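Visitor: I have this one open and would like to talk it through, starting with how the helices sit on the sheet. Could you take me around?

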Amino acid sequence: MNFSNLTIQEVNHMYKEGQTTLNELSSKFFDRAKNVQDKYNAFITLDSDYYNNVVEDISEELGEDHSLAGIPAVLGDNICTKNLRTTCGSKIMENYISPFNAQVVDKLLEAGVIISGKGNIDEFGAGDSKGSSYYGHSKNPWNEKITPGNGAACAIASGTALFGLASDASGNLRQSAAYCGIAGLKPTYGRVSRYGLIDYAPSLDQIGILAKNARDIALVLACTAGKDSRDVTSLDNPVPKYINEIQGQLEGLKVGIVKNWEEAGNLENEVKKSFQKEIETLKEKGVKIIEVDIPSLFHSSTVTAIIGAVEAFSNLANFDGVRFGCRAESKHLHEMYIKTRTEGLGTYLKRFLTFGAMASSEKHFNSLFLTAQKMRTKIIKELQKTLEEVDMIATPTVPFQAPSLESSGKDEGITGSADVFTSAANLAGLPAISIPVNIDTSTPTGFQLMGRTFEEGTLLKVLHSLEINKNIQWPTV
Amino acid sequence: MTVSLEEIKKAAWDARLELTSREEEVLLEEVTQLFEKAATFIKNAEGIDPTFYPVSITSVMREDKIQPSLPVSKALSNAPDADDFCFHVPRIIEE
């Protein structure tokens, strides 16, 4: 069985035709996950007892069309799972076991999904996918010397899970997808419940989907989308049959290219060439390419850093050693707060939270935080106006290829350099997808499309159209 | 906008954190750079209303009806120190 190339559709076919059984497939996937863990450190937690219990509980019929039953998946480790620890990539949550499942986890388990384990993440999902996890760097299966971003993307690219869910507050999920040569969709804010996501920036963070193709993402989105009364930010819009929306021609679609996109900081030549090549492919498919002016777009990463830090300062204040997580030895309560947080949090997050405290102080609140929220309005208005003219906006996902592990984590800046193109979608709550390009090389990159609210289907249609004829040789383990 | 090392120390205290002198220096440099970037858009933001959430949240209140809730034992199960009913913390008043 060639695990590296498998998709959900193919596994469903195998089940239907009797070419494999649930026990055989699940056991082979778990063995592979253990090997991948040794080699790439993709997971924070792999628990055979949990895994076997999940497999035993699957009562869905296997191999039905559109089914996720018996499909192995990986979750970012800030998505809560009952009976399986959720560390948030942080020492402070090393032994935390949530008393409840995130809403998306309940939905996946009801659909018969096998949760393989919890993927490595930047601590609390903050940062720009450089691997600031207490549990060490994950390695990219295409090239062990570079970062894969998060562990879920690494697990999918290395064939240990067929899809993954992870958080995306400034682009982390899409950046990881780009680094690993897979697709990553951040849905519209409110499309998927955030109940049970331990987010650091509630107005920016959204659970998204990582997978190898449009069809797989469509199936997972249909399963996880919808209103949840426990999440006040989730929205009650009907959930379409995304699987039907990915079909069809692209002719007539209008895609905007941002004026001056080539002047983005740190833009590498390889990324520029790959982006231009994808634009040419879209033109060949009948897509109309239009230059659009979004002057405030290039302020997005700074604005996101300010808002994210202030929200994190507030949202992560309860990680203090009282109710959960580790606690440092101390003589009195105040010392306990300080010692617990200082020992339990990593250096990047400590600087980020300190900056958040500063930006929300009396001195800087108006000039920094409130100004950032006003700029957010301006960015949203510019994007909305542009999306009246075009169906979607194209940029590279990340201006550079995956950074080397050697450079990762070395005084990572509080304004993410990888967030230049991705963070605007988080500010505006728009859906955005990273489409893999350069997958035939050892350093894949991504092509990002940002669409109108609730038009995930159109983004998936473009992904589906671009992936046809790509005969990919995935990394072997 | 400017920032001093003292401000960084005060902000760390507000966040209940202790930074090493190396972390303070790095953050001072990062914040100075970020202030420079922010200075390029401060004027552009004048006269605009802020946005705090990308969607409008109308109410966080549900109907006042008793529903099953987390049992106390489960709520306390992750606490570093607790008895059957309460979290335990060290003494509040310093010696």
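Guide: Bear in mind that this is a predicted model. A good place to begin is helix H13 (residues 365-389) of chain A, which lies across strand S7 (254-258), S8 and strand S9 (392-396) of chain A and runs at about 150° to S8(A).

Visitor: And what does helix H6 of chain A lie across?

Guide: Helix H6 (residues 172-180) of chain A lies across S4, strand S5 (183-186), S6, strand S10 (432-437) and strand S11 (445-451) of chain A, and its direction is at about 170° to S5(A).

Visitor: In what order do the strands of that open sheet come?

Guide: The order in chain A is S1-S3-S2-S4-S6-S5-S10-S11-S9-S7-S8, which makes 11 strands in an open sheet with mixed pairing. At the edges stand strand S1 (43-45) and strand S8 (288-292) of chain A, and since each has a single partner strand, one side of each is left without a neighbour in the sheet. On average, neighbouring strands of this sheet are turned by 30° against each other, direction ignored.

Visitor: Let's zoom in on S4(A): how many of its residues are buried?

Guide: For strand S4 (residues 163-168) of chain A the count is 6 of the 6 residues, so the strand is largely enclosed by the rest of the structure. Phe163(A), Leu165(A) and Ser167(A) point one way from S4(A), while Gly164(A), Ala166(A) and Asp168(A) point the other way, and all are buried.

Visitor: Which way does S2(A) run relative to S4(A), parallel or antiparallel?

Guide: Strand S2 (residues 72-76) of chain A and S4(A) run parallel and are joined by 3 bridges, with Val74(A) opposite Gly164(A) in S4(A). Strand S6 (residues 206-211) of chain A, by contrast, runs antiparallel to S4(A), and 6 bridges join the two. In that pairing Leu165(A) stands opposite Ile209(A) in S6(A), and Asp168(A) stands opposite Gln206(A) in S6(A).

Visitor: Which residues have the most contacts inside the largest nonpolar core?

Guide: Those are Ala73(A), Ile156(A) and Leu210(A), in a core of 165 residues. Leaving aside neighbours within four places in sequence, Ile156(A) is in contact with residues including Phe163(A) and Gly164(A), as well as Val74(A) and Leu210(A).

Visitor: Switching to helix pairs, at what angle do H10(A) and H12(A) pack?

Guide: Helix H10 (residues 300-315) and helix H12 (residues 347-359) of chain A pack at an angle of about 95°, with their axes 7 Å apart, which makes H10(A) roughly perpendicular to H12(A). Among the residues that meet are Ile306(A) and Phe313(A) in H10(A), and Phe352(A) and Gly356(A) in H12(A). The residues of this contact divide into 10 nonpolar, 1 polar and no charged.

Visitor: And how do H7(A) and H15(A) cross?

Guide: Helix H7 (residues 214-224) and helix H15 (residues 456-467) of chain A cross at roughly 155°, and their axes come within 9 Å; they are therefore roughly antiparallel to each other. The contact includes Arg215(A) and Leu221(A) of H7(A), and Glu456(A) and His464(A) of H15(A). By class, the residues of this contact are 6 nonpolar, 1 polar and 3 charged.

Visitor: Last topic: how many residues of chain B are in contact with chain A?

Guide: There are 47 residues of chain B in contact with 56 residues of chain A. Helix H1 (5-14) and helix H2 (21-39) of chain B are the elements that give two or more residues to the side of chain B that touches chain A, and H2(B) gives the most, with 8 residues. That side of chain B has 31 nonpolar, 4 polar and 12 charged residues.

Technical notes:
Residues numbered from 1 in each chain as written. Chains lettered and ligands numbered in written order. Predicted model: local features only at pLDDT ≥ 70, side-chain atom pairs only at ≥ 80, totals over all residues. Buried ≥ 20, exposed ≤ 12 C-beta atoms within 10 Å, placed from the backbone. Helix = DSSP H or I, 4+ residues; strand = E, 2+ residues; numbered from the N terminus. Pairing = 2+ DSSP bridges. Axes fitted to C-alpha atoms, helices over the stretch in contact; angles between N-to-C directions. Contact = placed C-beta atoms within 7 Å. Nonpolar A, V, L, I, M, F, W, Y, C, P; charged D, E, K, R; others polar. Parallel < 35°, antiparallel > 145°, perpendicular 65-115°, else oblique. Core = buried A, V, L, I, M, F, W, Y, C linked by C-beta atoms within 7 Å.
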